[in-house]
Amino acid sequence: MIFSMKKEQVVIRDLTSTGEGVGTLQEKVIFVEGTLPQEKAEVEVTLSKKTYSKGALLRLIEPSPHRTDPPCPYFGVCGGCQIQHADLALQLQLKKNKVVHALQKIGGIENPNVADCNPSKEVFGYRNKITFPLLQKNGKKEIGFFQKRSHALVDIKSCLLHIPFADQVYQQVKKILLSSNLSFYDEKRGKGMLQHLVLRTSEKEQKVLVGLVGLQSPTKELKAAAKEIMALLDVKGVVYGKKAKASNSIYPDSEVILEGEGTLQESLLGVEVEISLFSFFQVNKNVAKKLYEKAFEYASLEEGELVLDAYCGIGTFAIFLAKRGLKVTGIESFKKAVVDAKENAKRNGVFVDFIEGEVENVSLGRSFDTVFINPPRKGVHSKVIESISSMSPKKIVYTSCDPATLSRDIKMLMEYGYRLVEATPFDMFPQTMHVETVAVLKKL
């Protein structure tokens, strides 16, 4: 039930994974948007359920010493960032706490060994890939980011997380698309051509790939817009991805290069890679470098060891391992990423046995000394846990973008005789509550 009531005072003790403050009021948990731990806030209860309440922040009675002024004009409305109002020290502590609490509550590990969160060199201007929904409402076209818990779009003129020169490209592409005759997707009518705009940037080349994702075959209007986009400074190519049906996913069923080239060149850890628009590559390159170095350190590998890199993407880490004398097998489900991975291995003068398929469905028929896992947010299938455990590797190095699914999967691995040695969080996504974690497990 929704209602208004008298003002209440709440002390905030923590943040949720979406950045809401957590406190206690009348023996119930209360969630308050816009607050930080250690703050005393005056709130108005806006929703009361049996086990929890929600409150609107009226004023801060005692602000946190870690509170700062968010530089982004869209903060609090756009759903992209959750903690721009917290300084870096608090952001890093919140992310470490998030990993510790997940390992305790979900993983069942009483005192998990978690290192301090490794910071990002850049706290703004770090994203090398960014996606904007394209919507049409009542005949009006919109480009932006979704509001929090909504499908209403915020008109984003500039995103502070985006690499600056690439953001300038975005602003120009936005003007071209809005002034074109191309239709955007209308969610109510279920019609319209374009659904997403994707920009991927190479820091090495200082170039941008522009991707358009839609539901129809390329039209004359689309090809004309692509020519106009290609004429912009710093654009290397324009790619169109066609989906069979509308969804929130940006991944198409087929793709075609409309203008220029369809890949970018990038370098990471001495590995030269070619990246397609829709293939996986970490969005924060400098933190990715530190993360991969930690994964390698955790593995303590010796030359000639057999290594499995599950969910290997375009093969960056697998190639890095192969260049150090290891015998590597990589598994990846996205077909185009496997094509990229094989070409990247040739480019770097090494051999990696790349296999296309879902990890849970690939039968390898052999054991490995060390297994690296880097799954999507949903974590790994129970069949993957069972399969990896049957290989009996000495070490498992698990990289995760979600502490909850990481902890769930570690708990299952512990049932097969593994123990968590240490986990290190990385601030891959500054200004947000997201955290990347590398954990090493060893066979008892």
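Two residues are taken to be in contact when heavy atoms of the two lie within 4.5 Å. The model described here is a predicted one. By this criterion, and leaving aside neighbours within four places in sequence, V154 is in contact with Y74, V77, C78, I143, G144, F145, F146 and Q147. V154 is placed in strand β9, which covers residues 153–154. Its relative accessibility is 9%, so V154 counts as buried, the limit being under 20%. S247, which is 93 residues from V154 in sequence, is separated from V154 by 19 Å, C-alpha to C-alpha.

The protein chain as a whole contains eight helices and 22 strands. Its C-alpha trace spans about 70 × 60 × 35 Å along the principal axes. The radius of gyration of the protein chain is 23 Å, which agrees with the value near 22 Å that a compact globule of 444 residues would have. Of the 444 residues, 54% count as buried. Among contacts in the protein chain with a separation of 6 or more, 62% are accounted for by residues 24 or more positions apart. The accessible surface amounts to about 19,600 Å², and carbon and sulfur atoms contribute 50% of this area. The protein chain carries 61 positive and 52 negative charges, and the mean positions of these two sets are 4 Å apart.

Towards the N terminus, E8 belongs to strand β1, residues 7–15. With a relative accessibility of 12%, E8 counts as buried. Apart from neighbours within four places in sequence, E8 is in contact with L25, Q26, A41, E42, V43 and V45. One of these partners, Q26, is found in the loop between β2 (21–25) and β3. Q26 is not a glycine, yet its phi is positive, at about 50 degrees. In contrast to the buried E8, Q26 counts as exposed, at 59% relative accessibility.

The loop that joins β3 (28–32) to β4 (40–48) contains G34. The relative accessibility of G34 is 26%, and this residue therefore counts as partly exposed, a class that lies between 20% and 50%. Beyond neighbours within four places in sequence, the contacts of G34 are with L57, R67 and H85. D14, 20 residues from G34 along the chain, has its C-alpha atom 12 Å from that of G34.

A positive phi is also found at L269, where the angle is about 55 degrees although the residue is not a glycine. L269 is located in the loop between β14 (263–268) and β15 (271–276). Whereas Q26 is exposed, L269 counts as buried, with a relative accessibility of 16%.

Towards the C terminus, T432 lies in the loop between β21 (418–426) and β22 (436–443). Despite this loop position, T432 is buried, and its relative accessible area is 4%. A polar atom of the T432 side chain lies 3.1 Å from the backbone nitrogen of H434. With neighbours within four places in sequence set aside, T432 is in contact with G80, C81, Q82, I83, K95 and Y126.

Key:
Residues are numbered from 1 along each chain as its sequence is written. This is a predicted model: local features need pLDDT of at least 70, side-chain atom pairs count only at pLDDT 80 or more; totals for chains, interfaces and linings use all residues. Side-chain values use heavy atoms; hydrogens and water are left out. Helices (H or I, at least four residues) and strands (E, at least two) are DSSP runs, numbered from the N terminus. The radius of gyration is taken over C-alpha atoms; the globule rule is 2.2 Å times the number of residues to the power 0.38. Buried means under 20% relative accessible area, exposed over 50%, partly exposed in between (1.4 Å probe, protein chains only). Accessible areas come from the Shrake-Rupley method with a 1.4 Å probe; for residues, only the protein chains shown count as cover. Lys and Arg count as positive and Asp and Glu as negative; His and the chain ends are not counted. The place of a charge is taken as NZ of Lys, CZ of Arg, CG of Asp or CD of Glu. A polar contact is a pair of N or O atoms within 3.5 Å; within protein, one must be able to donate a hydrogen and the other to accept it, and residues adjacent in sequence count only if both atoms are side-chain atoms.
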